[in-house]
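Student: I have a model open and some terms I do not follow. Can we go through them one by one?

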Amino acid sequence: MVKHDPIKGQYIYLNVDGTEYRVYYEEAGSGIPLLVGHTAGSDGRQYRHLLCDSDVTDNFRCIAFDLPFHGKSLPPYGKKWWAEEYNMTKKLMMDFPNILSKELELDRPVYMGQSMGGHLAIDLASNYPDDYRATIAVEGALRSAAEYVEVGMSGIRFEFDNPNVNRASTGAAMMLNLSPHSAEEDVRETQWMYMCGGPGVFAGDLFYYYYDHNVTPEEASKIDTNKCMLYMLTGEYDPNTSPVDTQKAADVIPGCKFEPMEKLGHFPIIENYQQFKKYLLPILEEIKSK
Amino acid sequence: MTDSIFDFNSIENKLNTDPEFAREMRYFSGNIKIEIETNVQSLSYDNGKLIEIKNNSISDEECKIVIKGNKDLWINMLAEKPKPFYQCLQSTAVKHGLYMNVSNETFAYLPALNRLMQLMRHKYNGGN
């Protein structure tokens with residue numbers, strides 16, 4: 001008996017700011033569209049458990065995409081990408097799910113992302129409330145933890161874009177984000193995805209994660225959760241965006257919902273999906289009921 | 001022997017035979033200094049092979065990798081299931097004040113240091 005996952009993948013061409021990107025996405029399920037975004041330096045494989053979970057896919061069309069330079073989405077063909085330093089920006093982060101949603105003709109999808117994808121959930125709720133019925137920030141905050149922000153891009157590049165250090169170390173560095181309660185197989189798989197990243201891509205993604213994502217309390221207070229509901233979930237073992245950091249966002253965003261998650265780190269969706277699912281399903285049920 | 005809460009001699013065999021740790025130490029030459037409170041131990045390597053475990057003071061300048069923390073930090077890191085942010089060396093450094101030097105080797109050999117922490121944690125909690 002052949003065993004398959006119920007996941008189908010394909011490529012779509014997206015035009016962003018005059019550049020054509022060949023973007024890989026995979027999907028499973030039917031119903032309310034749910035776009036899911038990966039963390040810095042990794043790819044859509046982080047959603048493999050969710051895409052195989054009928055408790056989700058029975059009611060949601062789950063679409064996991066690889067940002068350009070990540071996973072199976074190559075750098076843009078025909079552009080001299082090798083001649084410039086890669087840095088992810090807030091604009092590009094918002095453009096890709098927005099344009100993907102438009103090209104797939106999705107009807108006000110839900111967006112969910114973790115880490116930089118979690119930060120993006122807040123940016124989308126703030127900037128595009130008419131385009132999303134809800135966003136779910138997993139490990140999101142108004143800004144990443146100060147101890148990391150203060151390192152600066154030069155320090156980030158010394159650790160993560162250093163010719164003396166191979167990419168196995170990027171995976172190893174993710175240990176700081178992982179919960180000791182997560183199974184070793186899942187920890188190693190999470191790290192593996194980081195070891196597979198393109199050169200300089202993780203460091204470049206952190207430009208968005210630490211610097212270009214910087215929501216002021218004033219901006220946050222204007223997020224209209226009646227238009228686009230914002231849910232936030234944060235693992236207790238996440239030092240980059242701790243529950244304390246997310247709580248600061250929850251305190252100023254009227255109507256949002258925040259729940260800290262026990263025994264989870266910075267990668268709940270891949271490091272311990274069964275534990276994460278306990279927090280996710282009630283949110284999806286609420287979205288479905290509206 | 002050492003009066004430290006952890007004696008690296010107790011895992012000398014693992015340092016030589018653990019497949020992951022041995023692989024991740026490949027090509028490393030130099031000293032790794034680990035300070036627990038006032039106790040200093042160092043692992044001396046030549047081309048990936050453990051030469052000696054020293055139990056005496058060695059200057060930071062003589063070491064490519066330096067890790068220092070008080071007894072409380074190490075006890076928390078060595079717990080079988082550490083409390084938040086004691087889960088590894090780097091998280092303890094960022095959130096709780098453990099010292100790790102910034103060098104090419106510290107980052108390049110992070111996979112080995114993570115494995116070293118696993119071996120230490122296992123031994124500290126009654127394992128072989």
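**Chain B and its contacts**

Tutor: Chain B has six helices and five strands. This is a predicted model, where local features need pLDDT of at least 70, side-chain atom pairs count only at pLDDT 80 or more, and totals for chains, interfaces and linings use all residues. Residues are numbered from 1 along each chain as its sequence is written, while chains are lettered from A and ligands numbered from 1 in the order in which they are written.

Student: What makes a run a helix or a strand?

Tutor: Both are DSSP runs, numbered from the N terminus: helices are H or I with at least four residues, strands are E with at least two. From the N terminus, chain B reads α-α-β-β-β-β-α-α-β-α-α.

Student: Why is chain B called as compact as a globular protein of that length?

Tutor: The globule rule is 2.2 Å times the number of residues to the power 0.38, and the radius of gyration is taken over C-alpha atoms. For 128 residues the rule gives 14 Å; chain B has 13 Å, which is close, so the description fits.

Student: What makes a residue of chain B count as buried?

Tutor: It needs 20 or more other C-beta atoms within 10 Å of its own, with C-beta atoms placed from the backbone. In chain B, 38% of the 128 residues count as buried.

Student: How many residues of chain B are in contact with chain A?

Tutor: Contact requires C-beta atoms, placed from the backbone, within 7 Å. By that test, 16 residues of chain B touch 20 residues of chain A. H4(B) gives the largest share of chain B's side, four residues.

Key:
Buried ≥ 20, exposed ≤ 12 C-beta atoms within 10 Å, placed from the backbone. Contact = placed C-beta atoms within 7 Å.
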